[in-house]
Amino acid sequence: MGGGQRMPQLDPGTAADWESIAPFMKVHSQNRLKFINGLSDGPTKFSMMNNMVRVSRNLERLDREDPELSHVVTKRVELEDQVFGLARDLRNADPVEADQIKQTLGQKVAELVDTNLDERQLRIDRLTKTLNVEQQNLARDKDQSDQLVADRLKRIIDEAQRPNGPLEMAHSEPVLASPETSTDVTPSQKQK
C-alpha cells in the first residue's frame with residue numbers, strides 16, 4: 001500500500017478471541033471459518049471475525065443461562081453456515097449443479113426460517129413468564145402498600161438516628177459558606 005496508508009490491524013484481543021473460538025467454528029460454522037481464514041487481513045475479515053466471536057460468546061452465556069434456547073440458537077448458527085456455504089457454491093456452479101444447489105438451498109432456508117420462529121417463540125415464552133412474575137409481584141406489593149411504606153419509613157428513621165451513620169458523617173465535613181453565612185462552630189460540632 002502506498003501513499004502513507006497503513007494496513008488495517010486486528011486488535012490483539014480479537015486475535016486471541018478468534019483463536020479461542022476455533023473449536024466452536026470447526027464444529028458449528030466450518031464454511032465461514034474456511035471463508036474468513038481465506039480472506040486477506042482487512043476490515044471485512046476483521047468484522048466477520050468480531051461477529052463470530054460475539055456469536056460464540058453469546059452461545060457460551062446461553063449455555064449457562066438457558067440451555068434450551070442455546071440449542072435452538074446453535075441450530076440457527078449451523079443452518080446459517082450451511083446456507084452461507086451453499087450460496088458460495090452456487091456462485092461457481094454450472095447450470096446443472098446450480099439447480100441442485102438451489103433446491104437444497106430452498107430446503108435449508110425453510111429450516112432456517114422455522115428455527116428462527118422457534119427461537120422467537122422461546123424468547124416470547126421467557127418474556128411472558130417474566131411478565132407474569134412481575135405482575136404477581138406488583139399485585140402483592142399493591143396489596144401491602146401500607147406495610148411497605150411503614151417498613152421503608154422505619155428504615156429511614158433508624159438510619160437517620162444511627163450514631164456515626166452516613167447522615168451524621170455528612171455533617172462532619174466542612175461546608176463552604178457564602179460570605180453572608182455565619183461560620184461559627186456550634187457546641188455539638190466542637191464535640192466531634
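Which residues make a nonpolar surface patch of about 220 Å²? I looked this up first and found V109, V113 and L117. For patches I took residues with over 30% relative accessible area and no salt bridge, joining like charges within 9 Å and nonpolar side chains (Val, Leu, Ile, Met, Phe, Trp, Tyr) within 5 Å. Accessible areas are Shrake-Rupley values with a 1.4 Å probe, and for residues only the protein chains shown count as cover.

**Ground rules.** My model is predicted, so I note that local features need pLDDT of at least 70 and side-chain atom pairs pLDDT 80 or more, while totals for chains, interfaces and linings use all residues. Residues are numbered from 1 along each chain as its sequence is written, and side-chain values use heavy atoms, without hydrogens and water.

**Overall fold.** I counted nine helices and zero strands, taking both as DSSP runs numbered from the N terminus (helices H or I, at least four residues; strands E, at least two). Of the 192 residues, 22% are buried; that means under 20% relative accessible area, with exposed over 50% and partly exposed in between (1.4 Å probe, protein chains only). The protein exposes about 14,400 Å², and carbon and sulfur atoms supply 53% of that. I also looked at contacts (heavy atoms within 4.5 Å): among those between residues at least 6 apart in sequence, 59% join residues at least 24 apart.

**Back to the patch.** V109 sits in helix α6. With a relative accessible area of 35%, V109 is partly exposed.

**Helix α5.** I checked the length of α5 (residues 67–91): its 25 residues should span 36 Å at 1.5 Å a residue, and the end C-alpha atoms are indeed 36 Å apart. The expected span is 1.5 Å times one less than the number of residues. Its buried residues, including L69, V72, R76 and L86, pack against α2 (22–28), α3, α4 (43–65) and α6 (95–143). I paused at R76, which counts as buried at 17% relative accessibility. Beyond its neighbours within four places in sequence, R76 is in contact with L112, T115, N116 and E119.

**Cores.** A nonpolar core here is a set of buried Ala, Val, Leu, Ile, Met, Phe, Trp, Tyr and Cys residues joined through side-chain atoms within 4.5 Å. In the largest one, of 18 residues, W18, I21, F24, M25, M52 and L59 touch the most other members. Two or more residues each come from α2, α3, α4 and α5, and α4 gives the largest share, seven residues. Leaving aside neighbours within four places, W18 is in contact with M25, L33, I36, N37, M49, M52 and V53. I then found a second, separate core of six residues that includes L86, I101, L105 and L112.

L33 caught my eye too: this residue of α3 (residues 30–38) is buried at 14% relative accessibility.

**Salt bridges.** I list 14 of them, each a side-chain nitrogen of Lys or Arg within 4 Å of a carboxyl oxygen of Asp or Glu. D66 pairs with R126, the closest N and O atoms being 2.7 Å apart. D66 is in the loop between α4 and α5 and R126 in helix α6, 60 residues apart. D66 is buried at 12% relative accessibility, whereas R126 is partly exposed at 28%. R126 also meets E68 (3.2 Å, N to O); since E68 lies in α5 and R126 in α6, the pair ties together parts 58 residues apart in sequence. My last look-up was R140 with D141, again a salt bridge, at 3.2 Å between the closest N and O atoms. Elsewhere, salt bridges that share partners join R76, E80, E119 and R123 into one network.
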